[in-house]
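Biologist: Please take a close look at a single part of this model, the packing of the interior, and then set it against the rest of the chain. Give the cut-offs as you go.

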Amino acid sequence: MEVILAKRAGFCFGVRRATQMAFEAADRGGATYTLGPIIHSPQVVQRLENMGVKVLDDINAIDSGTIIIRSHGVAAWELEEAVRRELDVVDATCPFVKKAQEHVKSLADEGYDVVVVGDADHPEVEGIVSYAQGNVYVVGSGAEAVNLPRMGKVGVVAQTTQSFENLKKVVFQCLLKGTEIRVFNTICDATAVRQEEAKELAQQVDCMIVIGGYNSANTRRLAQVCTELQPKTYHIETAGQVDPTWLIGVSRVGVTAGASTPKWLIDEVLDRIRQVDIDKTL
Ligand code: SF4
């Protein structure tokens, strides 16, 4: 059986960086916390917990120690509160998310109404929005943008995982609403690249295995796009979940993983698939 791993399976740049910073902080010891899970991988969060890193939801619950800021950032006031409490801050916010936060701040400071294209409930968007002092609107689609009020100067930024098509549709509506438009394309292509690769691979194999947290939106989306092209697609979190019956009659299996899936989890799944293949021939 041929096992094909997608080229860009697993950690994106921002998640790799954040995870590395978190493990380095854990190695230094002392009371160490993350605000919410550092990334959407329960296995990575568990490893960090085993090293003493606690996940908390509220900055007000910490009086001393080290606080690690996750890759998709936190609200401006949380960062300010961490500094006020004299915590040791390890800011692992992805530089691409940081850019979006900075653009929102400078647009608001220059008197622009700000439109953020994204999912209002997503922590990354909540964080980005918190950097605007004046009027800020979050819209998920061009259809939603139709309801924006008349504006003067309008600044647009996007949640990093948005599609270019969606950004274009919202910008079009903003052109109808404002007198001056400034657009910052803050989309990161890590998610789109993984989806394109997964689609190609799903069409070449008899079975697809997608690895990543069930709480990871980008992994769930990967599994969804694969299922549309290859009904024998299985979303798993760990190697132990690979069911040998999935591989009966399969000559090529494709493997991919979400942007928050570590390499060691991918390697364990690859080993397990190869072992299942050996067992089949015995
Ligand atoms: S998907 Fe892009 S923006 Fe998000 S953490 Fe990864 S590299 Fe950063």
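Modeller: Leucine 247, with neighbours within four places in sequence left aside, is in contact with Met1, Cys207, Val242, Val253, Ile273, Val276 and Lys280; contact here means heavy atoms within 4.5 Å. The model is predicted, with local features requiring pLDDT of at least 70 and side-chain atom pairs pLDDT 80 or more, while totals for chains, interfaces and linings use all residues. Numbering runs from 1 along each chain as its sequence is written, and side-chain values use heavy atoms, without hydrogens and water.

Leu247 belongs to the largest nonpolar core, which has 29 residues. A nonpolar core is a set of buried Ala, Val, Leu, Ile, Met, Phe, Trp, Tyr and Cys residues joined through side-chain atoms within 4.5 Å. Buried stands for under 20% relative accessible area, exposed for over 50%, and partly exposed for values in between, with a 1.4 Å probe and protein chains only. Along with Leu247, the residues with the most contacts inside this core are Ile209, Ile211, Val242, Val269 and Ile273. Two or more residues each come from helix H8 (190-202), strand S10 (207-211), helix H9 (217-229), strand S12 (252-257) and helix H10 (263-281). Helices (H or I, at least four residues) and strands (E, at least two) are DSSP runs numbered from the N terminus. Another core, of 24 residues, lies apart from this one and includes Tyr33, Ala82, Ala100 and Val116.

Helix H10 also holds leucine 265, which counts as buried because its relative accessible area is 2%. Beyond four places in sequence, Leu265 is in contact with Ser41, Gln43, Glu237 and Thr238. Of these partners, Thr238 is 27 residues from Leu265 in sequence, with 6.6 Å between their C-alpha atoms. Ser41 is in the loop between strand S2 (32-35) and helix H2 (42-50), and its relative accessible area of 2% makes it buried too. Outside its neighbours within four places, Ser41 is in contact with Asn215, Ser260, Pro262 and Leu265.

Less enclosed positions occur around helix H3. Tryptophan 77, in H3 (residues 76-84), is partly exposed at 46% relative accessibility. Its C-alpha is 7.6 Å from that of serine 130, and the two are 53 residues apart in sequence. In the loop between H3 and strand S5 (88-91) lies glutamate 86, which is exposed at 71%. Glu86 has a positive phi of about 60° without being a glycine.

As for the ligand, it occupies the largest pocket. A pocket is an open set of points on a 1 Å grid over the protein atoms alone, with protein on both sides within 12 Å along at least five of seven lines, and a molecule sits in one if more than half of its atoms lie within 2 Å of its grid points. Cys12, Gly14, Cys94, Phe96, Thr160, Cys188 and Ala190 are around the ligand, each with a heavy atom within 4 Å of it. Five of this shell are nonpolar, two are polar and none is charged.

The protein chain as a whole has 10 helices and 12 strands. Of its 282 residues, 50% are buried. Among contacts between residues at least 6 apart in sequence, 70% link residues at least 24 apart. The C-alpha trace spans about 70 × 50 × 20 Å along its principal axes.

Methods:
On a 1 Å grid over the protein atoms alone, a cavity is a set of points where a 1.4 Å probe fits but cannot get out, and a pocket is an open set with protein on both sides within 12 Å along at least five of seven lines; lining residues have an atom within 4 Å of a point. Ala, Val, Leu, Ile, Met, Phe, Trp, Tyr, Cys and Pro count as nonpolar, Asp, Glu, Lys and Arg as charged, and the others, Gly among them, as polar.
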